[in-house]
Amino acid sequence: MGPSGPEQRLPRRSRSGGEWRSTCEMTTQNARELTEESVEARLAELLGQERFTPPAEFSDDAEISDPQLRARAAADPVAYWAEQASGLRWSTPWERVLDDDDAPFFRWFEGGRINVSDNCLDRHVEAGLGDRVAYHWHGEEGETRDITYAELLDRTARFAGALKELGVGQGDVVGIYLPMIPEVVVAMLACTRIGAVHNVVFGGFSAGSVAERMEVSGAKVLVTTDGARRKGKTAPVKPEVDRTMGQLAPLEKIVVVRNTGIDVPMTEGRDVWFDEVVAAAEPAAPEPMDAEAPLFILYSSGSTAKPKGIQHTTGGYLTGVSTTHRQVFDLKADDVYFCSADVGWITGHSYIVYGPLANGVTSVMYEGAPDYPHKGIWWQLIEQRKVTKFYTAPTAIRACMKWGVEHVAPHDLSSLKLLGSVGEPINPKAWLWYWHVIGGENCPVVDTWWQTETGAIVITTLPGIDAAKPGSAGTPLPGYEVQVLDPETGEQVTEGEGLLAIPRPWPSMLRTLYQDPDRYRSTYWNRFGESTYFVGDSARIDGDGYIWVIGRVDDVINVSGHRLSTAEVESAIVAHPQVAESAVVAKADDLTGQAIVAYVTLQGGTDPSDAVVAEINAAVADRIGKLARPKRIVFTQDLPKTRSGKIMRRLLRDIAEGRDLGDTTTLADPTVVDTLKDRWDAGA
């Protein structure tokens, strides 16, 4: 969480489940022989390899082993999605699978009634899985909690009852502003149990940003916390909530989770403690909801315009996330799954909460930074919990590359069977490092493309049957149709570059923008007509049908009439052996229209120099062409990133263009942009 205010040392909570071990205390009997030199040598060998097929032993036991599944789904996608939805528990069967009479306002499983909480909890407990662990939760100071499905059901049902007693009913909006603790899952599921619409706000946003989202969504109740922790410190959250949200008219109640134990003010008649209302409440039964009933609102980051309230509905969304989670991560009954995202983003909604719970999976949930209490914490958790499936972001992978393999080598990662990537295109070097260093060259890597708006994964490789191409997301999953279209004519491109589009509706798609249907139509459905969803990304499709996502349309640089993708230039730069990370943006240029600016982080032990600049430019010229060489390279120790790890390229463009940087409070470290601006102004 990222509220402003004074910080204090975090009080330690009691430990359970064994003492925490630091990296130096880990046994080394399974340590791998990894050195920076050996890794660089191996990556140099692998960089020329185009395709990586899944190991035979993986394919032989894969969830999806039929290469004809895509073709069969494409022949009748409506029937395919009906088949997938039938694996859930419906209280009332649907009468019509897809209603497309009022495009682009599509409706799925019309007439059907279903409850998300029931599908994620009750049906598993009734099937005898109540003792199965839903979450192995780990706090960054070493605390652990194991929450079984039966325990999660009890807490959820009781908090749902408490919400009803607080006056929350079907269709009411409940705001959730919590860190990565089990209570965030309880709050979300409790809303789904009684038909309330949750509006989760990422903990890295300021309380002011939360207030904006609560106001525009008309939230009736807010669930928040006393304080939030980060790297051994805690900041008070509740006082900031009071300061920014105390006068919001629709907000009737604030429920406060005792997370850190710090003293916070409580307003009588409005504020209540989470644990007290849960203890006093009667459990609420799951209420059957219309398949098209709103499930949640999730606001975009608003980096280029006012935040968009993405609205998802109940039956189609759960069908999409449960299906894709099972297929893409090749789920088995004994899997232990670890997604490093935050519940405040769509990845957390779909692949920490709803997908895994709908499939009855045991997950690891970590509240903390990837480099605290040490830079090997993720690998320690994987070793300790015998994680089999791991899902993280390219930004995080590049950070781990920068930190060095010495933080990986002490840990036994042999339990891993599959690795996933999400959030942005992953450059080939990072893909190969992930596959070699973390996966030991034994784990398929699924590089997934999707959006908040799509709700679920759309493009990736099916790990048991598809070869992976580093840098390519792969091909559309069964049931989806994705095309690359010519930006001028709208005609389909069979090989080459164009704009990514989805010409057919799918169950987990957003239904509208909250209270803004006109903006929904104009944002997504005006470019190619009201039956084709315009993604907003540029992409390239190769002769095998593999899609290479270039980036957002505004992440394409036009240099003297040549359109270059920022991702392509970044990949060329990080191919240099001493480069850890790079972010490329466009700067207005009188001669070429736009010029390329690269912000570059070097590997530890490498100092910036004219020689390194020359080597980088030579590498870019060699891989892309001389016109792609950056006009300016700015070396930096870090890049401006949100708490979820996303690089804020808007700020890098603002620095290059000399614009006011505006609000930077959502960054993990706001001082990074000040340092970069000083370096830019100094010509460094």
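The following exercises, each with a worked solution, concern a predicted model of a protein chain.

**Exercise 1. Helix packing**

Determine at what angle helix 5 and helix 7 pack, and which residues make the contact.

Solution. Begin by locating the two elements: helix 5 covers residues 116–129, and helix 7 covers residues 182–194. Next, consider the geometry; the axes lie 7 Å apart and the packing angle is about 115 degrees. Then list the participants. Helix 5 contributes Val116, Ser117, Asp118, Cys120, Leu121 and Asp122, while helix 7 contributes Leu189, Thr192 and Arg193. Finally, sort this contact by class: four residues are nonpolar, two are polar and three are charged.

**Exercise 2. Cavities**

State how many cavities of 30 Å³ or more the structure holds, and describe the lining of each.

Solution. A search of the whole structure returns two such cavities.

Step one concerns the largest cavity, which holds about 60 Å³ of space. Its lining includes Val116 and Thr192, two residues that also take part in the contact between helix 5 and helix 7. Others in the lining are Ile114, Asn115, Cys191, Gly195, Ala196, Met289, Ala293, Pro294, Leu295 and Thr314. Helix 7 and strand 16 (294–299) each provide at least two of the lining residues. By class, the lining has eight nonpolar and four polar residues, with no charged residue.

Step two concerns the second largest cavity, with about 40 Å³ of space. Among the residues lining this cavity are Trp378, Trp379, Phe390, Trp433 and Tyr434. At least two lining residues come from each of helix 13 (377–385), strand 20 (389–392), helix 14 (394–403) and helix 15. The lining comprises nine nonpolar residues, one polar residue and no charged residue.

**Exercise 3. A pocket**

Find which residues are closest to the centre of the second largest pocket, and classify its lining.

Solution. The second largest pocket contains about 360 Å³ of space. Of its 21 lining residues, Ser414, Leu416, Lys417, Asn442 and Cys443 are closest to the centre. The lining divides into six nonpolar, six polar and nine charged residues.

**Exercise 4. An aromatic pair**

Decide how the ring pair of Phe52 and Trp431 is to be classed, and what parts of the chain the pair ties together.

Solution. The structure has 30 aromatic pairs in total. For Phe52 and Trp431, take the distance first: the ring centres are 5.0 Å apart, against a pairing limit of within 6.5 Å. Then take the angle: the planes stand at 50 degrees, so the pair is tilted. Lastly, place the residues. Phe52 is in the loop between helix 1 (36–46) and helix 2 (56–60), and Trp431 is in helix 15 (residues 428–438); the pair therefore ties together parts 379 residues apart in sequence.

**Exercise 5. Backbone details**

Identify where the cis peptide bonds before Pro104 and Pro373 lie, and describe the phi of Asp330.

Solution. Ala103 and Pro104 are joined by a cis peptide bond with omega about 5 degrees; Pro104 belongs to the loop between strand 3 (96–99) and strand 4 (107–110). Tyr372 and Pro373 are likewise joined by a cis peptide bond, with omega about 5 degrees, and Pro373 sits in the loop between strand 19 (362–367) and helix 13. Asp330, although not a glycine, has a positive phi of about 50 degrees. Asp330 is found in the loop between helix 11 (314–328) and strand 18 (336–339).

Notes
Residues are numbered from 1 along each chain as its sequence is written. This is a predicted model: local features need pLDDT of at least 70, side-chain atom pairs count only at pLDDT 80 or more; totals for chains, interfaces and linings use all residues. Side-chain values use heavy atoms; hydrogens and water are left out. Axes are lines fitted to C-alpha atoms, for helices over the stretch in contact, and angles run from 0 to 180 degrees between N-to-C directions. Helices (H or I, at least four residues) and strands (E, at least two) are DSSP runs, numbered from the N terminus. Contact means heavy atoms within 4.5 Å. Ala, Val, Leu, Ile, Met, Phe, Trp, Tyr, Cys and Pro count as nonpolar, Asp, Glu, Lys and Arg as charged, and the others, Gly among them, as polar. On a 1 Å grid over the protein atoms alone, a cavity is a set of points where a 1.4 Å probe fits but cannot get out, and a pocket is an open set with protein on both sides within 12 Å along at least five of seven lines; lining residues have an atom within 4 Å of a point. Grid points are joined across faces, edges and corners, and a volume is the space filled by probe spheres set on the points. Rings of Phe, Tyr and Trp (its six-membered ring) pair if their centres lie within 6.5 Å; planes under 30 degrees apart count as stacked, over 60 as edge-to-face and the rest as tilted.
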